[in-house]
Amino acid sequence: MKKKFNLKNKKNGYLLITVVVLLIAVIAVSIFKKESESGTSLTGKKTTTTTTTKKLKIVNLDSKSRPYAVMINNIGVARPLQSGLQDAYIIYEMIVEGGLTRYMALFLDQSTERIGSIRSARHYYLDYALENDAIYVHHGRSPQAYEDFSKLGVDRIEVDNTTTGWRDKTLNVASEHTLFTSIEKLNKGIGSKRTERKKDLLLNYSVDSLDLTKYEGQTQANSVSIKYSSSMTSSYKYDPETKLYIRSVNGKEHTDYVTKQTYKFKNIITYQVKNYTLDDPENKGRQGLENIGSGTGYYISEGIAVPITWEKKSRESQTIYKFKNGEELVVNDGNTFIQIQPKGQTLTIE
C-alpha cells in the first residue's frame, strides 16, 4: 500500500530547516563581529584595526625626510614680521649678542609659503641643527660659524633674494629685516644635498595625553616666564580649553604676520647653560655657550611642569632628555619650544 504524503509535514520541515540556517548565520555573524572588535582574526592571529588606531599629528613617524632648520630674526623691529612659525614642529631660542635672542625653527614635511625673516648663523646653533640631522638655513654668518661649516660638515642653504628667497620691499623696515623664504624655495636650493634623515627624531611623542601628575616634583604651570636678559623675556600663559600655551615676548602676545594669530605651543622644554662673550676680533659681543655636558630643567605641558635632566655629549649628538626617575622623556603630541636660557637668569613657573 502506498503511503499518503502529508503536505503539512513537508511545510513544517522546510520551516525548521530555514530556522536552523538563520540561527547558524546569526551565530556566525556574532562570532565574527566579536573577533573583529577584539582585533583577533578567526585563525587566532592578531590583525590591525585601522578604525581605532590613533596617529600623531605633529610629525609623520614613517617619514625619513630631513627637516630645515631656519634662523629667524627676533630683534624688536622684526618680530612683528615673523611668519610661518606655526608650522615648525620644534623651535629653539638662544641668546646672541646685545642681550637679544634668535630662533631656529625646524620644518618637516611642510609647505609653508612664507618663513622669516631670515638672519645670520651663529656657531652654537649648528649643534642643534646637527642633532636633528637638519639642513641649516641662514643668510650671513659669524666668523665662528663660517669656520664650523666645513669642520662639522654642515649641509646648509644660504638664502638669497632670487632662487631661495625674496626681499619684501613693501615692509617699512631696514633691508636686513626683509628676507623671507618658503619650503618651495628651499627645495630649489637643495641641489645634491642628502635628503634622507639618518637620525631618529629628537623627541619621543605620545599620541595620548600624558599624566604628568605622577612624576616626582611636578608642579602647576599656568604661567611661565623665561628671562634671557634685561631686554628679552619669553613667557607663556596656559589655556585650559585648548590645552595649549599662548606665547608672549616682553609682555606682548607673539603673533604671526600673515595669519595675525597668536603663536601657541603644546610643549615647552627649558633649561639653563652658561653663556660668555667671545674674544672676537670684530668686537661685536658675540656669544658662546657651554652647552656640551648635562644639567637639569623642566618639561612643561598641559598646565604641569615636571623636573627633567638633559645631556649632550658632543656638538653632533642628540640631547637626551629624561624624567628624574631615569625614564627617557616622552612629550605630548604637538609643537615644542626649546628654551635654552642663560645660566643665572630668572625662570618663573606658577
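**First stop: Asp133**

Select Asp133, which is buried, with a relative accessible area of 8%. The model in the viewer is a predicted one. Asp133 belongs to the loop that runs between α2 and β5 (135-138). Look at the backbone of Asp133 here: phi is positive, about 50°, although the residue is not a glycine.

**Second stop: Glu302**

Now move to Glu302, where the backbone again deserves attention. Glu302 has a positive phi of about 50°, and it is not a glycine. Is Glu302 buried or exposed? Its relative accessible area is 18%, and because buried means under 20%, Glu302 counts as buried. The loop that holds Glu302 connects β19 (293-301) with β20.

**Third stop: strands β20 and β21**

From Glu302, continue along the chain into strand β20, residues 304-312. Select strand β21 as well, residues 320-323. How many bridges join β20 to β21? There are 4 bridges, and the two strands run antiparallel. To see the pairing at one position, display Glu311, which stands opposite Ile320 in β21.

Next, show the side chains of β21. In a regular strand the side chains alternate between the two faces of the sheet. Tyr321 and Phe323 make up the covered face of β21, whereas Ile320 and Lys322 make up the uncovered one.

**Fourth stop: a sheet of three strands**

Select β4, β8 and β7. These 3 strands form an open sheet in the order β4-β8-β7, with antiparallel pairing. Which strands stand at the edges? They are β4 and β7 (166-167), each with a single partner strand, so one side of each is left without a neighbour in the sheet.

Strand β8 covers residues 179-181 and pairs with β7 over 2 bridges in the antiparallel sense. Highlight Trp166 and Phe180 to view one such position: Phe180, in β8, is the bridge partner of Trp166. Strands of a sheet pair through backbone hydrogen bonds, either parallel or antiparallel.

**Fifth stop: Ser117**

Select Gly116 and Ser117 together. The peptide bond from Gly116 to Ser117 is cis, and its omega is near 5°. Ser117 lies in the loop between β4 (115-116) and α2 (125-131).

**Sixth stop: Ile75**

Go next to Ile75, in the loop between β1 (68-72) and β2 (90-95). Ile75 is partly exposed, with a relative accessible area of 31%. Which residues does Ile75 contact, leaving aside its neighbours within four places in sequence? They are Leu100 and His177. Then select Met232 and compare positions: Ile75 and Met232 are 157 residues apart in sequence, but 9.6 Å apart in space from C-alpha to C-alpha.

**Seventh stop: pockets and the cavity**

Select Lys57, Val207, Lys266, Asp333 and Gly334. Among the 13 residues that line the largest pocket, these five lie nearest its centre. The volume of this largest pocket is about 210 Å³. Its lining has 7 charged, 4 polar and 2 nonpolar residues.

For the second largest pocket, select Gly76, Arg79, Pro80, Val249, Lys252, Glu253, His254 and Thr255, which line it. The second largest pocket contains about 170 Å³ of space. By class, its lining has 3 charged, 3 polar and 2 nonpolar residues.

How many cavities of 30 Å³ or more does a search of the whole structure find? The search finds 1. About 30 Å³ of space lies in the largest cavity. To locate this cavity, select its lining: Ile58, Asp87, Ala88, Tyr89, Leu108 and Gln110. Of these lining residues, 4 are nonpolar, 1 is polar and 1 is charged.

**Last stop: the whole chain**

Return to a view of the complete protein chain, which has 4 helices and 24 strands. Of its 350 residues, 47% are buried. Among contacts between residues at least 6 apart in sequence, 64% join residues at least 24 apart.

Finally, colour the chain by pLDDT. The mean pLDDT is 90, and 85% of the residues reach 70 or more. Two stretches should be read with this colouring in view. Over residues 1-8, pLDDT stays under 50, and the model has 1 contact beyond four places in sequence for them. Over residues 31-50, pLDDT also stays under 50, and the model has 15 contacts beyond four places in sequence for that stretch.

Conventions:
Residues numbered from 1 in each chain as written. Predicted model: local features only at pLDDT ≥ 70, side-chain atom pairs only at ≥ 80, totals over all residues. Heavy atoms only, no water. 1 Å grid on protein atoms, 1.4 Å probe; cavity = no way out; pocket = protein on both sides within 12 Å on 5 of 7 lines; lining within 4 Å. Points joined across faces, edges and corners; volume = space filled by probe spheres on them. Nonpolar A, V, L, I, M, F, W, Y, C, P; charged D, E, K, R; others polar. pLDDT = per-residue confidence, 0-100. Contact = heavy atoms within 4.5 Å. Buried < 20%, exposed > 50% of the residue type's maximum accessible area, 1.4 Å probe, protein only. Pairing = 2+ DSSP bridges.
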